[in-house]
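Trainee: Got a minute to go through this one with me? I'd like to start with how we talk about exposure.

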Amino acid sequence: MVSKIEEIFYAVVKTRLHVAAIYYFIVCRIIAATAHIDFRPYIPVILAYTIWHYALYLYDRAYDAHLDNINNAVESLHGKYRNLLMYISILLVLAPVLILFYYKQPILPYLFFIPITFLYNLRIFPANKAFKHFTLIKNLYSAVLIWPLPVAVILKFYVGMDNYLIEIMYWFIPFIIFVLMGEIIWDMRDVIGDRSISCCMLQVISPFLSY
């Protein structure tokens with residue numbers, strides 16, 4: 001019998017709310033430590049990019065719910081909730097535009113991140129593959145574009161640091177390595193589901209390979 005606390009716990013894990021909370025506090029700390037400023041005036045901007053970060057993870061969870069069901073059925077999204085959360089994730093991608101507009105903050109830097117939200121999952125490569133199907137590339141996608149890059153953009157375009165964006169990203173190399181190692185560990189857990197999907201894809205394309 002699942003208790004109420006366990007239901008809440010799994011709801012948080014399924015939708016990756018805990019990841020959003022972790023990201024929010026990491027960004028606050030990095031901005032304070034890197035720019036040597038009080039991060040509180042920048043909370044609306046941090047919140048906007050945290051919402052984007054959460055939308056990306058939520059979209060990924062909903063998009064590949066069938067794969068998550070193989071890897072960990074308890075944490076996977078099911079049925080109507082999958083479609084609902086996918087629509088919610090799309091709306092959340094647009095929410096930062098309204099937040100930045102309301103607080104009179106630059107919107108243009110954020111627009112770069114909108115396609116990043118969906119490109120991770122979209123099958124735009126041959127053999128019906130997406131970025132997430134390429135080993136190491138998928139890990140670097142997350143370790144560079146999803147975690148440190150938004151922080152660097154905030155420091156450059158919102159806090160107003162004079163350094164070049166590439167220079168700020170260079171400071172974040174330890175952060176990138178940390179996220180990269182975490183992504184690899186998650187991939188090791190998901191190897192069964194990934195193999196299953198690979199087998200299914202091979203069955204689909206095998207008739208074309210025989211010609």
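Mentor: Sure. Buried means under 20% relative accessible area, exposed means over 50%, and partly exposed is in between. Keep in mind that this is a predicted model.

Trainee: Okay, so is Trp 171 buried, exposed or partly exposed?

Mentor: Trp 171 counts as partly exposed, because its relative accessibility is 35%.

Trainee: And which helix is Trp 171 in?

Mentor: Trp 171 sits in helix α10, which runs over 165–171.

Trainee: What nonpolar patch is there on the surface?

Mentor: Trp 171 is part of one, along with Tyr 170, Ile 173, Ile 177, Met 181, Ile 184 and Met 188. Together they have about 710 Å² of accessible area.

Trainee: Which helices supply at least two residues each?

Mentor: α10 and α11 do, with α11 covering 173–189. The largest share, five residues, comes from α11.

Trainee: Switching topic: how many helices and strands does the protein have?

Mentor: Twelve helices and zero strands. Reading along the sequence, you just go α-α-α-α-α-α-α-α-α-α-α-α.

Trainee: What percentage of the residues is buried?

Mentor: 43% of the 211 residues.

Trainee: And what about the accessible surface of the whole protein?

Mentor: That comes to about 12,300 Å², and carbon and sulfur atoms account for 72% of it.

Trainee: Last one: what share of the contacts joins residues at least 24 apart?

Mentor: If you take contacts between residues at least 6 apart in sequence, 68% of them join residues at least 24 apart.

Methods. Residues numbered from 1 in each chain as written. Predicted model: local features only at pLDDT ≥ 70, side-chain atom pairs only at ≥ 80, totals over all residues. Heavy atoms only, no water. Patch = residues over 30% accessible without salt bridge, like charges linked within 9 Å, V, L, I, M, F, W, Y side chains within 5 Å. Areas by Shrake-Rupley, 256 points an atom, 1.4 Å probe, with all protein chains shown as cover. Salt bridge = Lys/Arg side-chain N within 4 Å of Asp/Glu carboxyl O. Helix = DSSP H or I, 4+ residues; strand = E, 2+ residues; numbered from the N terminus. Buried < 20%, exposed > 50% of the residue type's maximum accessible area, 1.4 Å probe, protein only. Contact = heavy atoms within 4.5 Å.
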